[in-house]
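Visitor: Please take a close look at one part of this protein, the place where its two domains touch. I would like to have the setting as well.

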Amino acid sequence: MTARVEISQLSKTYVHKPWLWGKPQENPVLKNVTLTIPENRVLGLVGESGCGKSTLCKVLLGIEEITAGTVKINGQDIKGLSATAWQPLRRVMQVVYQDPYASLDPRMTVRQLVSEPLDIHQLHTNPAEREKFLKELMLSVGLSETYLPRYAHEFSGGQRQRIAIARALALDPQILIADEPVSALDVSVQAQILNLLKEIKQKRKLSILFVTHDFGVARFLCDEIAVMYKGQIVEQASSEELFAHPLHPYTQQLLAAVPSVAKNGSCLKAHPFFTSGREGWSCSFASRCSQAQATCQFASCSLRQVTPNHQVMCITKIQEKKND
Ligand SMILES: Nc1ncnc2c1ncn2[C@@H]1O[C@H](COP(=O)(O)OP(=O)(O)OP(=O)(O)O)[C@@H](O)[C@H]1O
Ligand SMILES: [Mg+2]
């Protein structure tokens, strides 16, 4: 399978310069992230708030610069690309954001919103052909063509997210970066948008990076899931494997905190275990880990393959798997 996105040892550090004097403060947000998104696959990126998911999306989209490592889109290294060199890549890769209320200009009609990328890239310029294309595009995302003259502010959240998806698909991209596209929607609308994304992925053979907090959503849509903690990928496996055998204590903790109807009445493990005195340990998760051992203090931590489709960054689990 061709890799459309190849991320290798990617690091991103923000530097906060003091207003008057003092040393610049470094905030390493992404640390040695290595991920691949093949053709026609959905890679889920799951992790708690502030772990660096959106930063990774911004780096892929060229909004943030790479501090170290490489990112290749269809084999092309994006580091230091000029605005002109980005132009063809923008056609290949599109984005859908979390909040359809903020991402669509309420003063623009649906026709203007969906046509804008076509105008920028000079596509379907013949008026009759453009009209036919827009109608088909609207239908493909489950919207009526009669919505084209209406304004974005006239629609519900779910309808707006469909418009945002139509806008993203207008250029017939190969890669879709979806940064929590259903988190702002209620569950029934979430289900409709997820079904739509699944259908679109299959029809268009899209490669999708799907960012979410929600393991249920990830399980439904993603072929592969990467779990991020403090800017590092701590576990990665096929969706099936990850839910059947979560290995990293952080993944286990996240899964235990998922509310479900079945857990009604019982207490969710929503509050992370915390042990002080483990700051600065080799494993960055040690201070929240209920399974930490003395080796976690010094042993070097890196993502290791434990079964053909499963990688984990936990020295204890790697050792356990070796002894199996
Ligand atoms: N432009 C910026 N300058 C400095 N720090 C930033 C900038 N953007 C993000 N950060 C920091 O990077 C870290 C990761 O932020 P990011 O938005 O990637 O998290 P996230 O995983 O997407 O969180 P959420 O799930 O809440 O959306 C945060 O600590 C944030 O403060
Ligand atoms: Mg985010």
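Guide: What follows starts with the whole protein, turns to the contact between the domains, and ends with the ligand shell and one residue.

The model is predicted, so local features need pLDDT of at least 70 and side-chain atom pairs count only at pLDDT 80 or more, while totals for chains, interfaces and linings use all residues. Residues are numbered from 1 along each chain as its sequence is written, and chains are lettered from A and ligands numbered from 1 in the order in which they are written.

The protein has 11 helices and 12 strands, which are DSSP runs numbered from the N terminus (helices H or I, at least four residues; strands E, at least two). Its radius of gyration is 21 Å, close to the 20 Å that the globule rule gives for 324 residues, so the protein is as compact as a globular protein of that length. The radius is taken over C-alpha atoms, and the rule is 2.2 Å times the number of residues to the power 0.38. Along the principal axes, the C-alpha trace spans about 70 × 55 × 45 Å.

An automatic or database assignment sets the domain bounds: domain 1 covers 3-244 and domain 2 covers 246-324. Their C-alpha centres are 28 Å apart. Domain 1 brings 14 residues to the contact and domain 2 brings 16, where contact means C-beta atoms, placed from the backbone, within 7 Å. On the domain 1 side, two or more residues come from each of helix 8 (215-221), strand 9 (224-229), strand 10 (232-238) and helix 9 (239-244). Strand 10 supplies the largest share of that side, 7 residues. By class, the domain 1 side holds 7 nonpolar, 4 polar and 3 charged residues. Ala, Val, Leu, Ile, Met, Phe, Trp, Tyr, Cys and Pro count as nonpolar, Asp, Glu, Lys and Arg as charged, and the others, Gly among them, as polar.

Now the ligand. The residues around ligand 1 include Tyr14, Asn27, Lys53 and Thr55, with a C-beta atom, placed from the backbone, within 6 Å of the molecule. Helix 1 gives the most to this shell, 3 residues. The shell has 3 nonpolar, 7 polar and 1 charged residues.

Last, Gln319 is found in helix 11 (residues 315-323). Gln319 is exposed, because 12 other C-beta atoms lie within 10 Å; the cut-off for exposed is 12 or fewer, and for buried 20 or more, with partly exposed in between.

Key
Contact = placed C-beta atoms within 7 Å.
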